[in-house]
Amino acid sequence: MKRTRLTYFLFSALLGTALIPAACSVSENREVTAEHIARPAFMVERKITAGPAQLQLWERMHERYAPANVYIEGDGKSDAGTDFFSNPSPDNPVGLHLASRDNAENLVYIGRPCQYKDPQDTDECSQPLWSTRRFSPEVVAAYNEVLDEIKKRYDITEFNLIGYDGGANIAAALVASRDDIASIRTVAGTLTPAVSYDAKTSPLDADNITAYGIAPQLAKTPQHHFIGAGDDIAPAAGYHSFRQQMGESRCVHYTFVQDADHTRGWVEKWPELLKATVECEPEHIPAPLPPRPVSKDGPNK
């Protein structure tokens, strides 16, 4: 009996000791995972503090005075209730996976506020920036500041934005506030919060900027929206509400992707999906009328 109790005590003590470093290294593990995705694609890590947020970047910039493809990550752990450590870094950074499959000469991945926060940084990261205010004016202003910095640093001419999950809303807000966005693509984008939602996510504050709320301002921007046939977080109904809200446009395309849900089925298909149309259709111009026949006696009357 004593031996059994001693064995149980030792096992419990060892188990508890083993769990402590694992728990403390959750943030590092997520960044290590991201590094393993970015490095084979020759993307270099950089952090930028913009406004109230620190944003994580991975970049591959080879050509000056040229466009850049910019990927914006999804919401990740967008509610403290979903993660014991209140860490918004995604376990599966789908946006970064997509970026790693893009062969563009100029390529940038931008995380969301407080994702991949440096464990050595003792400053508090405001939870609302990655939960109830994740699409707020101050967050959008931070992304604008980052794009301005990238544009100046690398002499970028224009941006093609690709937003995954909630990153689609950030991309839409940037389109509405800039004149250097050439195109926008969304992947499993939560374009309409009333329809597109995660039950574990906190409600948004009223002043958050969403694609649905600014849809008419996007009508003249070339765009392509990719919707997973099995996606129950960003379902097709969310896209259709957004599209109806936009009104008339010749610049909107969408694709239903079979065998894809909110997180799975995208990465392996992405190089091919990138080839899909993302341009505005020309307005129909009626063909000119043929000339009226002329008789020997002069014009017909």
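**Exercise 1. A residue in helix H6**

Is Gln 244 exposed or buried? Find its place and one distant partner in this predicted model.

*Solution.* Start with the place: Gln 244 sits in helix H6, residues 236-246. Next, look at the relative accessible area, which is 68% for Gln 244. Exposed means over 50%, so Gln 244 is exposed. Finally, take the C-alpha atoms of Gln 244 and Ala 215: they lie 8.8 Å apart in space, with the two positions 29 residues apart in sequence numbering.

**Exercise 2. The whole protein**

Work out how many helices and strands the protein has, and what share of its residues is buried.

*Solution.* Begin with the elements: there are seven helices and 10 strands. Then turn to burial: 48% of the 301 residues count as buried. As a last step, consider contacts between residues at least 6 apart in sequence; 75% of these join residues at least 24 apart.

**Exercise 3. The length of helix H4**

Check whether the span of helix H4 agrees with its number of residues.

*Solution.* Helix H4 covers residues 137-154, which makes 18 residues. The expected span is 1.5 Å times one less than the number of residues, and for H4 this gives 26 Å. The C-alpha atoms at the two ends of H4 are 26 Å apart, so the two values agree. Just after the helix comes Asp 155, with a positive phi near 55°.

**Exercise 4. What covers H4 and H5**

List the buried residues of H4 and of H5, and find which elements cover them.

*Solution.* Take H4 before H5. The buried residues of H4 are Val 139, Val 140, Ala 142, Tyr 143, Asn 144, Val 146, Leu 147, Ile 150 and Tyr 154. Their cover includes the strands S1 (44-50), S2 (53-61), S3 (68-72), S4 (106-110) and S5 (159-164), together with helix H5 (167-177).

Now move to H5, which is mostly covered, with nine of its 11 residues buried. Those nine are Gly 167, Ala 168, Asn 169, Ile 170, Ala 171, Ala 172, Ala 173, Leu 174 and Val 175. Among the elements that cover them are S3, H4, S5 and S6.

**Exercise 5. How H4 and H5 cross**

Describe the arrangement of H4 and H5, then say what kinds of residue meet there.

*Solution.* First, the geometry: the two axes come within 10 Å and cross at roughly 70°. Angles of 65 to 115 degrees count as roughly perpendicular, and therefore H4 and H5 are roughly perpendicular to each other. Their crossing is right-handed.

Second, the residues: from H4 come Val 139, Val 140, Tyr 143, Asn 144 and Leu 147, and they meet Ile 170, Ala 173, Leu 174 and Ser 177 of H5. Sorted by class, this contact has seven nonpolar residues, two polar ones and no charged ones.

**Exercise 6. Positive phi in two loops**

Find where Phe 42 and Ala 188 lie, and decide for each whether it is buried or exposed.

*Solution.* As background, most residues other than glycine have a negative phi. Phe 42 is not a glycine, yet its phi is positive, about 60°. Phe 42 belongs to the loop between helix H2 (26-38) and S1. With a relative accessibility of 63%, Phe 42 counts as exposed.

Ala 188 also has a positive phi without being a glycine, here about 50°. Its loop runs between strand S6 (181-187) and strand S7 (223-228). The relative accessible area of Ala 188 is 1%, so this residue is buried.

**Exercise 7. Two buried loop residues**

For Ala 219 and Leu 274, find the loop, the burial and the contacts.

*Solution.* Ala 219 lies in the loop between S6 and S7, and at 13% relative accessibility it counts as buried. Beyond its neighbours within four places in sequence, Ala 219 contacts Met 246, Glu 248, Ser 249 and Cys 251. Cys 251 is 32 residues from Ala 219 along the chain, while their C-alpha atoms are separated by 6.6 Å.

Leu 274 is in the loop between helix H7 (270-273) and strand S9 (294-295). Its relative accessible area is 17%, so Leu 274 is buried. Setting aside residues up to four places away in sequence, Leu 274 touches Tyr 71, Asp 102 and Arg 185.

Conventions: Residues numbered from 1 in each chain as written. Predicted model: local features only at pLDDT ≥ 70, side-chain atom pairs only at ≥ 80, totals over all residues. Heavy atoms only, no water. Helix = DSSP H or I, 4+ residues; strand = E, 2+ residues; numbered from the N terminus. Buried < 20%, exposed > 50% of the residue type's maximum accessible area, 1.4 Å probe, protein only. Contact = heavy atoms within 4.5 Å. Axes fitted to C-alpha atoms, helices over the stretch in contact; angles between N-to-C directions. Parallel < 35°, antiparallel > 145°, perpendicular 65-115°, else oblique. Left-handed = near helix turned anticlockwise from the far one by under 90°. Nonpolar A, V, L, I, M, F, W, Y, C, P; charged D, E, K, R; others polar.
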